[in-house]
Amino acid sequence: MRVESYLSPSLYPPNSAGQKIQEKSISPDRDPPEETHTETEKLKRRDQEVRRHEQAHLAAAGGLATGGARYSYQIGPGGKRYATGGEVNIDTSPVPGDPHATIRKARQIRRAALAPANPSPQDRAVATSATQIEMKAKKDLQEKNQEEPSTGTFQPTWKIDLYI
C-alpha cells in the first residue's frame, strides 16, 4: 500500500527527455522524511549531551574511575547508534586506616558526581553518599585523635599555612 508522495508532480514536471520524475512514497510503517530528520536531530543532540555529561564525570573522577564511560544506545533512522544514557563507575570505598585520605577521596567523588552541567538524580545521590563517607571519616578521625595520648602540647589535626 502506498501513502502520500513527498514530491508534488506540479513542482517537478517532466524533464527535457519527457520522463516524469519518480515520486518517493512511504509505506505505513516508515516515518516521513521531515519526521525522520527531526528524530535524527533529537538523537544527535541527546548523544552529544550524554557524551559531554559522562566525559565531565571522567575528567573530575581522575584515578577513581574504574574504567571508561559506558553508554546505552538507541538505533536511529539509517541504522546509526546514538548514545541515550551512560555511566561512569567510580571507586567509592573508604581508604582503610587513613581518614585523611578518605576525606580527600570523598570530596573528589562528590566533585566527580556533580561535574556535569546538569547532574542527574543518580549523580546527586552519589554526591550525597560521598558527603556521608566524608562525615564518617571525620568522625573516625576525631575518635582517633581522642584515643591518642596527649603529650601536653597542642597538635593540630590540620596544617594551615598563612602567608602575609
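1. A residue here counts as buried under 20% relative accessible area, as exposed over 50%, and as partly exposed in between. Keep that in mind for Lys42, and remember that we're looking at a predicted model.

2. Lys42 has 47% relative accessibility, so this residue counts as partly exposed. You'll find Lys42 in helix 1, which covers residues 33–61. Have a look at Gly76 too: Lys42 and Gly76 are 34 residues apart in sequence, and their C-alpha atoms are 9.9 Å apart in space.

3. Now for the strands. Strand 1 (residues 70–75) pairs with strand 2 (residues 81–87) in the antiparallel sense, with 6 bridges between them. To get your bearings, pick out Arg70, which stands opposite Glu87 of strand 2. The hairpin has 5 residues between the two strands, and Gly78 takes a positive phi there, near 85°.

4. Next, the largest pocket, with a volume of about 480 Å³. It is lined by 23 residues, and the ones closest to the pocket's centre are His53, Glu54, His57, Ser120 and Asp123.

5. Which element gives the most to the lining of the largest pocket? That's helix 1, with 7 residues. At least two lining residues each come from helix 1, strand 2 and helix 3 (121–147), so to speak of the pocket is to return to the helix that holds Lys42.

6. As for the character of that lining, the residues split into 10 polar, 7 nonpolar and 6 charged.

Technical notes
Residues numbered from 1 in each chain as written. Predicted model: local features only at pLDDT ≥ 70, side-chain atom pairs only at ≥ 80, totals over all residues. Heavy atoms only, no water. Helix = DSSP H or I, 4+ residues; strand = E, 2+ residues; numbered from the N terminus. Buried < 20%, exposed > 50% of the residue type's maximum accessible area, 1.4 Å probe, protein only. Pairing = 2+ DSSP bridges. 1 Å grid on protein atoms, 1.4 Å probe; cavity = no way out; pocket = protein on both sides within 12 Å on 5 of 7 lines; lining within 4 Å. Points joined across faces, edges and corners; volume = space filled by probe spheres on them. Nonpolar A, V, L, I, M, F, W, Y, C, P; charged D, E, K, R; others polar.
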